[in-house]
Amino acid sequence: MTAHQFIQKLATFKNEKELDKVARFFKGNDGVTKAVGVKFGDVFKTAKEFTEMPLEGINKLLDSEYYEIRMGGVSIMDYQAKSKKTSEERKKELFELYLNRHDRLNNWDFVDRGSYNIIGEYLMDKPRDILYQLAKSENIWKRRTAIVSTYAFIKKGQVDDTFKIAEILVYDSEELINKAVGSWIREAGKKDEKRLKGFLDTYAATMPRVTLRYAVEKIDKASRQHYMKLKNQK
């Protein structure tokens, strides 16, 4: 279960049609990320086979300049974090590794792939101060982690942190944060529509339009039109 073995196995799935993956999906700006040319379905399948990989190997995968190899690394972390066989000590190590490697988890899909289990689920019974620190970071991926991680809480009916972090990020300058805020307050609203509408009463007229569009997708038509009208009047 070494990084080298994982990379060798991944190479067997190479498909020339997938070589434009970075241009299509990668929104980071590190200037070095390249594509192997492997479908993400094959990345996830291979990662599942390497779930027992030690942290040292995962770290090597995260160091790679190849998009799919880093996705493999975060996927292995995710599989380990959600496994019932994984010890609390290992979950803590995965939590810390994720937070320490935001330099390499530098795209929206790395965050969305890993933050639910590695960060959110780990914090279910712990203080959540770290998410508020991340929300105020200059690093866009740390800010996205802050809001996306709260989905673990939402699934358990806990929406306070989602709305509090959304308040910190509601006027963020990055569209990938705007979309994330809208998406996750929408999900929180499925658990507590009154709380969502209260948030929208305060911010609908001034929040970015894309945030509002995502946020109102699942509420009733009359309410959706009401909040969009507030935005249009501003």
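Asparagine 178 is in contact (heavy atoms within 4.5 Å) with Asp172, Pro208, Val210 and Thr211, leaving aside its neighbours within four places in sequence. This is a predicted model, in which local features need pLDDT of at least 70 and side-chain atom pairs count only at pLDDT 80 or more, while totals for chains, interfaces and linings use all residues. Residues are numbered from 1 along each chain as its sequence is written, and side-chain values use heavy atoms, with hydrogens and water left out.

Asparagine 178 belongs to helix H12; helices here are DSSP runs (H or I, at least four residues), numbered from the N terminus. Because its relative accessibility is 7%, asparagine 178 counts as buried. The terms work like this: buried means under 20% relative accessible area, exposed over 50%, and partly exposed in between, with a 1.4 Å probe and protein chains only. Two other residues can be set beside asparagine 178.

| Residue | Helix | Relative accessibility | Class |
|---|---|---|---|
| Asparagine 178 | H12 | 7% | buried |
| Alanine 23 | H2 (residues 21-25) | 68% | exposed |
| Serine 223 | H15 (residues 221-233) | 12% | buried |

Alanine 23 and alanine 35 are twelve residues apart in sequence, with their C-alpha atoms 9.2 Å apart in space. For serine 223 and lysine 197, the separation is 26 residues in sequence and 8.6 Å in space, C-alpha to C-alpha.

Back to helix H12. How do the axes of H12 and H13 cross? The axes of H12 (residues 175-191) and H13 (residues 193-203) come within 6 Å and cross at roughly 140°. Axes are lines fitted to C-alpha atoms, for helices over the stretch in contact, and angles run from 0 to 180 degrees between N-to-C directions. H12 and H13 are therefore oblique to each other; angles under 35 degrees count as roughly parallel, over 145 as roughly antiparallel, 65 to 115 as roughly perpendicular, and the rest as oblique. On the H12 side, the contact is made by Ile185, Gly189 and Lys191, and on the H13 side by Glu193, Leu196 and Phe199. By class, this contact has three nonpolar, one polar and two charged residues.

Conventions: Helix = DSSP H or I, 4+ residues; strand = E, 2+ residues; numbered from the N terminus. Nonpolar A, V, L, I, M, F, W, Y, C, P; charged D, E, K, R; others polar.
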